[in-house]
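This report describes how the parts of one model meet one another. The sequence and structure come first, and the account of the contacts follows.

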2 protein chains.
Amino acid sequence: MTIQQIKYFLELSNGLHFWKTAEKVSISQSTLSRQIQSLEDELGFQLFERDKRNVKLTAAGKFLQDHWTTSINELDRIYKQAQKIDIGTLGTISIAYPGSISFGFLPSLMNILTTEMPDLKIELTEPIDINHESLLLNYHIDISLSRDEILSPTIVSKRLYSESVCLVVPINHWVTEENFTDLTMVQNENFIISPLQNKTYFSTLLRGIFNTNGFNPKTTIESDFGNVILNLVAKDLGISILPYSFQFAKNPNVRFIELTEKVDLYMNWRRNDPNKIVKRIVNYSEVLGETYIP
Amino acid sequence: MTIQQIKYFLELSNGLHFWKTAEKVSISQSTLSRQIQSLEDELGFQLFERDKRNVKLTAAGKFLQDHWTTSINELDRIYKQAQKIDIGTLGTISIAYPGSISFGFLPSLMNILTTEMPDLKIELTEPIDINHESLLLNYHIDISLSRDEILSPTIVSKRLYSESVCLVVPINHWVTEENFTDLTMVQNENFIISPLQNKTYFSTLLRGIFNTNGFNPKTTIESDFGNVILNLVAKDLGISILPYSFQFAKNPNVRFIELTEKVDLYMNWRRNDPNKIVKRIVNYSEVLGETYIP
DNA sequence: CATCTTTAATGCGATTTTTGCATTAATAAG
DNA sequence: CTTATTAATGCAAAAATCGCATTAAAGATG
């Protein structure tokens with residue numbers, strides 16, 4: 001039972017004429033005759049009732065005409081879907097990202113992806129303090145955007161761009177870009193930051209910054225969410241340190257003062273992932289990262 | 001794209017190992033390798049990402065694994081259905097019948113059919129005064145049961161049995177089986193019969209009967225439906241003439257008196273109808289007709 | 001670091017299957 | 001009775017499929 005044989009059968013079941021059908025499907029009449037015979041032999045019953053003069057479908061043949069038609073169409077539809085997936089415009093991709101890029105890089109990337117691959121379904125997750133490496137290796141996500149590089153032979157980690165870390169103060173705060181010298185200036189202020197004991201890269205960076213400047217910050221409020229912190233600073237409840245990207249939130253009640261420290265954004269994916277969507281997204285991200293100057 | 005190739009692919013997509021899969025499907029490793037290659041060539045994209053050491057599905061391959069599995073199962077299901085139809089236990093058959101057999105022959109036949117072919121769907125229609133021949137030739141019905149023979153080169157008409165025509169009187173009527181001589185006895189009674197001008201065989205027969213006996217019946221009520229007539233007679237509203245089969249209605253308030261006239265029951269179907277269900281039903285009906293002595 | 005093992009791909013000849021031409025057989029039409 | 005139509009079939013050529021043996025590449029082993 002070949003797909004080709006089924007197609008011959010369907011054509012013949014429409015025309016009910018061996019010679020004309022054979023010509024239509026560009027084979028000889030004898031070939032068509034034998035293909036149908038072979039199909040009938042394999043099925044174990046007749047598809048056509050035929051004498052030297054007339055050809056007509058049997059009841060089983062009539063049934064198969066209906067159902068095989070839909071099957072063949074279905075197979076064709078499946079093939080076309082698979083083709084789209086191969087090209088990389090269809091499917092589902094799961095991306096994990098740090099909250100700090102949700103105002104800048106991530107919307108830009110999403111913009112590109114939804115334009116270039118409109119049929120692509122993107123699942124976004126914002127995991128806190130969870131190992132991106134295991135998420136990738138367990139196939140929970142396909143791509144990870146992270147602040148720290150993942151060093152693993154089975155994962156490729158590529159830096160997309162670097163951005164400054166900024167001191168964030170309320171808009172009417174006494175520290176300005178002009179009078180700012182170093183962080184010791186604000187060592188007695190209230191800080192609103194993510195818990196320093198977190199294992200995330202950014203918490204580690206913060207610990208390092210405070211260490212270098214020789215003081216432990218007073219923390220009145222703690223939050224893992226940068227945009228929460230941003231709003232708290234805007235309401236004059238303290239100051240904070242956040243990546244430059246948060247400027248894209250365009251909050252009018254805060255002021256950003258660039259520090260010398262930098263944070264990177266890495267894109268990570270499974271080495272040799274056969275999914276071409278991943279490769280395409282990586283490419284788009286690299287291009288975007290190069291032109292993206294925060 | 002062969003069904004066999006798809007099956008090989010599905011097996012390989014489960015095992016992800018050429019040698020083991022080849023052994024499982026009883027072909028050589030080289031053959032499997034080449035079949036998959038040929039499938040990939042035809043599709044135009046890779047199904048497996050493979051090096052000398054590992055085999056894994058591409059995204060498109062994963063998609064096809066899911067969908068082809070259901071397609072192959074579907075094809076198998078379709079084949080089995082078709083097989084059943086060929087054997088003659090599955091399908092739909094449309095049968096037209098005269099109302100007079102709805103108490104006797106028809107229930108017996110239905111009983112046999114539903115026992116022997118439980119998956120068979122039977123459509124019953126009781127057409128009045130309509131040409132069974134055209135219903136058959138227009139494929140509105142597949143089998144017709146009729147009181148008159150259909151004489152046509154494209155239709156086979158076979159007599160199943162003969163039964164007497166009976167005078168039907170209320171249970172306390174003065175005419176009994178013992179004192180009955182001929183119909184002239186009741187020429188002044190009220191008759192409840194189907195309209196004599198109808199073109200059905202039974203109406204023609206009635207006309208003949210009244211003609212032979214030399215009187216025109218007084219008809220107060222007319223009805224095409226035998227069982228309606230039967231109930232009207234039971235309520236003492238008149239007498240009637242019906243086929244013997246109506247005795248099977250087991251109405252306790254009527255008495256049947258056999259006349260000498262007979263009516264036949266014919267089964268009619270399209271000559272050379274390739275539907276094996278028709279042949280089976282004809283066979284069952286012939287056997288039932290022989291043993292059915294009303 | 002050299003050797004062994006595993007495993008998918010490939011060259012090649014043998015086998016099997018498929019194909020089309022020409023013909024046959026049966027039927028309907030003129 | 002003859003002619004035309006049409007599905008099946010014998011046959012030889014062509015194409016495909018198959019499996020053996022081998023290759024090539026990548027761990028695994030010690």
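## Interface of chain A and chain B

Across the interface of chain A and chain B, the rule finds zero salt bridges, a salt bridge being a side-chain nitrogen of Lys or Arg within 4 Å of a carboxyl oxygen of Asp or Glu. Two residue pairs are in polar contact across this interface, both at pLDDT 80 or more. A polar contact is a pair of N or O atoms within 3.5 Å; within protein, one must be able to donate a hydrogen and the other to accept it, and residues adjacent in sequence count only if both atoms are side-chain atoms.

On the side of chain A that touches chain B, the elements giving two or more residues are helix H1 (3-15), helix H3 (29-43), strand S2 (55-57) and helix H4 (59-87) of chain A. Helices (H or I, at least four residues) and strands (E, at least two) are DSSP runs, numbered from the N terminus. H4(A) supplies the largest share of that side, 16 residues. In total, 32 residues of chain A are in contact (heavy atoms within 4.5 Å) with 30 residues of chain B.

## Basis of the model

The model is predicted: local features need pLDDT of at least 70, side-chain atom pairs count only at pLDDT 80 or more, and totals for chains, interfaces and linings use all residues. Residues are numbered from 1 along each chain as its sequence is written, chains are lettered from A and ligands numbered from 1 in the order in which they are written, and side-chain values use heavy atoms, with hydrogens and water left out.

## DNA strand C

DNA strand C is surrounded by 21 residues, the closest being Thr31(A), Arg34(A), Gln35(A), Arg50(B) and Arg53(B); a residue is near a strand if one of its heavy atoms lies within 4 Å of it. A polar side-chain atom of Gln35(A) is 2.3 Å from a phosphate oxygen of this strand, while an N or O atom in the side chain of Gln29(B) is 2.8 Å from a base nitrogen. H3(B) gives the largest share of the surface near DNA strand C, five residues.

## DNA strand D

Around DNA strand D there are 21 residues, of which Ser33(A), Arg50(A), Arg53(A), Arg34(B) and Gln35(B) come nearest. Phosphate oxygens of the strand lie 3.4 Å from a polar backbone atom of Phe18(A) and 3.4 Å from a backbone N or O atom of Trp19(A). Gln29(A) has a polar side-chain atom 2.9 Å from a base nitrogen of DNA strand D. The largest share of the surface near this strand, five residues, comes from H3(A).
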